[in-house]
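Trainee: Got a minute to go through this one with me? I'd like to pick out a few spots and talk them over.

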Amino acid sequence: MKKGVAELQDETFDLWEDICGDHMHHGFYQHADSAVSDSDHRLAQVRMIEESLRFAGVSTRKIRSQREWWMWDVGCGIGGSTRYLARKYGANCVGFAISPVQVQRAQALTASQGLDDKISFQVADALDQPFPDGQFDLVWSMDSGQHMPDKKKFVSELARVAAPGGTIIIVTWCHRDLSPSEESLMPEEKALLDKLCSDFYLPEWCSTTDYVKLLDSLSLQDIKAADWSEYVAPFWPAMIRQALTFKGFISLLCSGWQGIKGALGMPLIIRGYKMGLVKFAIITCRKPE
């Protein structure tokens, strides 16, 4: 699974950079209108960062009052969020990705923007971190949790490396919560998730409630969660439109079968959202002082 994810990201990062730009994550759209422009799409990705920080109650003033403030970006892609947060807060940032190609690109972009004194990137597995306990004031996981095969270990590691009083932000795909009378998802829902897992090398899905329970089991505080599915609704239609432009189409062909397979899976994601099966969730919490 881990090797498949790394190879997928290595082979398709040019495609996703062409389509998504600096930020390889969903956008937050103020209006559920699929007919957004490319500039709206880029602004929506930055808005996703800002809305996530706002939801978690991360204070710029408090951060800038600290002499040394550290942030860890889990699944950093090519470092768009990492650079944005380093600029915003003047923070020391470490980005992790499983793809050596993405990390190399992140390092090059960061050096070209004069931020390599504040930011470092590593090829590493989020489930096997080299950091000591309590190192990071902000632990940031944007659109990476869905790739983690062991959600319990993933969340435990986020909590372990968070500093006392530090904030953890997880923004990720989930499946819908089960009702009290349900023991599992319906067969047709499982079939759709299985297809998405095959197309995007995803492990087993979990619900937002599952994440909340995991965080609660670790005695973390101020646990909050919200369903942001309606705010990301225009994202995948925008991705499809970008892929069908001349530049996007050439990038798609150059990405090989992995990229084409992922592109063919995009309508399934839209279908999952429309069914109410696929959810885009934010879950935040704070580590006790």
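Mentor: Let's go through some loops, the cysteines and a helix pair.

Trainee: Anything I should know before we start?

Mentor: This is a predicted model, where local features need pLDDT of at least 70 and side-chain atom pairs count only at pLDDT 80 or more, while totals for chains, interfaces and linings use all residues. Residues are numbered from 1 along each chain as its sequence is written, and side-chain values use heavy atoms, with hydrogens and water left out.

Trainee: OK, where is Asp143?

Mentor: Asp143 sits in the loop between β4 (136-142) and α6 (151-161). Helices (H or I, at least four residues) and strands (E, at least two) are DSSP runs, numbered from the N terminus. The phi of Asp143 is near 60 degrees, a positive value in a residue other than glycine.

Trainee: And does Asp143 count as buried or exposed?

Mentor: Buried, because its relative accessibility is 12%. The cut-offs are under 20% relative accessible area for buried, over 50% for exposed, and partly exposed in between, using a 1.4 Å probe and protein chains only.

Trainee: Which loop holds Tyr201?

Mentor: The one between α7 (187-200) and α8 (208-217). Tyr201 has a positive phi too, about 55 degrees, although it is not a glycine. At 25% relative accessibility, Tyr201 is partly exposed.

Trainee: Switching topic: how many disulfides are there?

Mentor: Zero. A disulfide here is a pair of cysteine sulfur atoms within 2.5 Å. For Cys174, the nearest cysteine sulfur is that of Cys206, 5.0 Å away, so Cys174 is in no disulfide. Cys174 is buried, with a relative accessible area of 0%, and Cys285 is buried at 4%.

Trainee: What about α6 and α8, at what angle do they cross?

Mentor: Roughly 50 degrees, and their axes come within 10 Å. Axes are lines fitted to C-alpha atoms, for helices over the stretch in contact, and angles run from 0 to 180 degrees between N-to-C directions. That makes α6 oblique to α8, as angles under 35 degrees count as roughly parallel, over 145 as roughly antiparallel, 65 to 115 as roughly perpendicular and the rest as oblique.

Trainee: Which residues make that contact?

Mentor: On α6, Lys151, Lys152, Phe154 and Val155; on α8, Tyr211, Leu214 and Leu215. Contact means heavy atoms within 4.5 Å.

Trainee: Last one: what is Gly77 in contact with?

Mentor: Leaving aside neighbours within four places in sequence, Gly77 is in contact with Ala97, Gln102 and Ala106. Gly77 lies in the loop between β1 (70-74) and α4 (80-89).
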